[in-house]
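Student: I have a structure in front of me and would like to understand the words used to describe it. Could we go through them one at a time?

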Amino acid sequence: MEAENLDREVVLDDGATVNFLKADKDIPLPYLSKEDPVRVGAQANFTSPVVLGFDHEKWRFQPTTRLTGDNAEAVQPTYFTDTRTDAPEAVGGQVSLASFNVLNYFTTTGDQLDGCQYYDDREGNHITVRGGCDARGAANAESLKRQETKIVTAINKLDASVVSLMEIENSAAFGKDRDDALSTLVKRLNEAAGTQKWDFVDSPAAVPTDEDVIRTALIYQPAEVAPQNESTILDDQDAFSNAREPLSQAFAPKDGTGEIEKDKTFVTISNHFKSKGTGSGPGNEDSGDGQGASNADRVKQSEALVGFAGDQQEATNSDLVYLLGDFNSYTQEDPMQVFYEAGYKDIAAEKTDESTYVYGSRTGSLDHVLALDASDEADGAGTGATAFDSVTGADVWNINSVESLALEYSRFNYNVSDLFAPDQFRASDHDPVVVGLFDSSDEGGDDDAGADAGDDADADGSNDHPGGKNAGKNGGKNGNHWGSRDGDHPGGKNAGKNGNFSSNGR
């Protein structure tokens, strides 16, 4: 399949075949600008002749004159359909859930620590941390402000009742309260919203003794939902020694008068599994089957999560269980099969035809919201409707993965073109998944909502981050692209488009 993909591929080039991350940084980028986005999936419309040639092992369409951002009006041979949306599609429901990867949001910036190495802009200014210290995000307060602005804009426009966050700083690693960075992000969200719109789920008293410097978290809107009981972290050092431990919190929705509807209490569990870039031990080598390294570990993590979710289901006496986050597994891979066999359904795969990640011209979903599709009324648990039945709609809001890396805060001033905008586009490299719950006219939800929108059976690529990850749908393409670091893109590292940006993973 991958050979067929490569045989069909044609690159729209600029007449120069330059990697703008390494050269010609003072020449305005071709094709791409703040006013005219170029996104994966957009239609290219040719307006003037191009030259077909074969160079650097690929077929290419070249303009008849070298194209730059300066001469685009006269030279550019195409324009692209603008597929951006200002907000997610309406998903209905009384409340909503979403996942959001915040791209190594660290309020502990590199300049606060010793030994940090950096990615620099074209003038030598530090932008993001490259290594040498425990920080993974912005190099300084100025860069953090740019990152925060995009993340805050995106989450406020996402406007979900509960949001599962991945790749947020575990502030305990820096001698601070574990929730320090999380608290700062919520403060920024409320400042931008102009009201106390958001709150965060406090860390539980008991946390694992050996945690990563990044963590998962949950934020929510108190006007729409109320936490029930305390949060809980799965402390399984065997299964999650190389990943982020799942965080669980139950919520109950509020009705129009603000009353808490405890009979609709639902469980959310935020997740971030081991990446595909590295692996050791039996079953964790990259076997070449498209699932990358550490597949056995991710299967083990899925099995542990199913058990943990069952415990939370019993503790809350509710069958409304939702697993959210970055599972570093494409929709039909082995770790996902564990969930399906345990009675969970992938909501976005069932109700949309969209994907959450792009790498190397391949698309697929590493991010999922899974709903339990099983009910046990015999012992009095649940409301009679399953978690999946209660879903009113779903959307993958394509604001990140389909956008060029050049727009990311981590690439500020890499090119003379000013591509930074204080908007939601390329706030991260993963797209958020948003799901509506509880039909106001039918507490059982709409089991058929969006069912004919297609499934994600082909979104099964091969990899994930640090330096690249995807393969996926659009014909079931499998790519094998990943970087060297088991973690999670410090400054975002996707390969960009138009042949101008290649992966800069760590």
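The conversation below takes up some helices and sheets and asks how each description is reached.

Tutor: Please keep in mind throughout that this is a predicted model.

Student: Why is helix H3 called roughly perpendicular to helix H4?

Tutor: Helix H3, residues 141-158, and helix H4, residues 180-193, pack at an angle of about 65 degrees, and their axes are 10 Å apart. Angles of 65 to 115 degrees count as roughly perpendicular, so H3 is described as roughly perpendicular to H4. The crossing in which H3 passes H4 is right-handed.

Student: Which residues make the contact between H3 and H4?

Tutor: On H3 they are Glu148, Ile151, Val152, Ile155 and Asn156, while H4 contributes Thr184, Leu185, Arg188, Leu189, Ala192 and Ala193. Sorted by class, this contact of H3 with H4 has seven nonpolar, two polar and two charged residues.

Student: What makes strand S10 and strand S20 edge strands?

Tutor: Six strands form an open sheet with mixed pairing, and their order is S10-S11-S9-S6-S21-S20. Strand S10 (199-200) and strand S20 (391-396) each pair on one side only, and they are the edge strands.

Student: How do you know that strand S6 and strand S21 are paired?

Tutor: Two strands pair if at least two bridges are found between them. Strand S6, residues 95-105, and strand S21, residues 433-437, have five bridges and run in the antiparallel sense, so they satisfy that cut-off. As one example from this pair, Ser96 has Gly436 in S21 as its bridge partner.

Student: Where do the two helices lie with respect to these strands?

Tutor: H3 lies across S6, strand S9 (162-169), strand S11 (214-220) and S21, and H3 runs at about 170 degrees to S6. H4 also packs on the sheet, where H4 touches S6, S9, S10 and S11, and the direction of H4 makes about 125 degrees with that of S9.

Student: What is the order of the strands in the open sheet of three?

Tutor: That sheet has the order S1-S4-S3, and its pairing is mixed. Strand S1 (10-12) and strand S3 (51-55) are its edge strands, each pairing on one side only. From one strand to the next, the twist averages 35 degrees.

Student: How do you know that S1 and strand S4 are paired?

Tutor: The same kind of reasoning applies here. S1 and strand S4, residues 58-62, are joined in the parallel sense over three bridges, and the requirement is at least two, so they count as a pair. In this pairing, the bridge partner of Leu12 is Phe61 in S4.

Definitions and conventions
Residues numbered from 1 in each chain as written. Predicted model: local features only at pLDDT ≥ 70, side-chain atom pairs only at ≥ 80, totals over all residues. Heavy atoms only, no water. Axes fitted to C-alpha atoms, helices over the stretch in contact; angles between N-to-C directions. Helix = DSSP H or I, 4+ residues; strand = E, 2+ residues; numbered from the N terminus. Parallel < 35°, antiparallel > 145°, perpendicular 65-115°, else oblique. Left-handed = near helix turned anticlockwise from the far one by under 90°. Contact = heavy atoms within 4.5 Å. Nonpolar A, V, L, I, M, F, W, Y, C, P; charged D, E, K, R; others polar.
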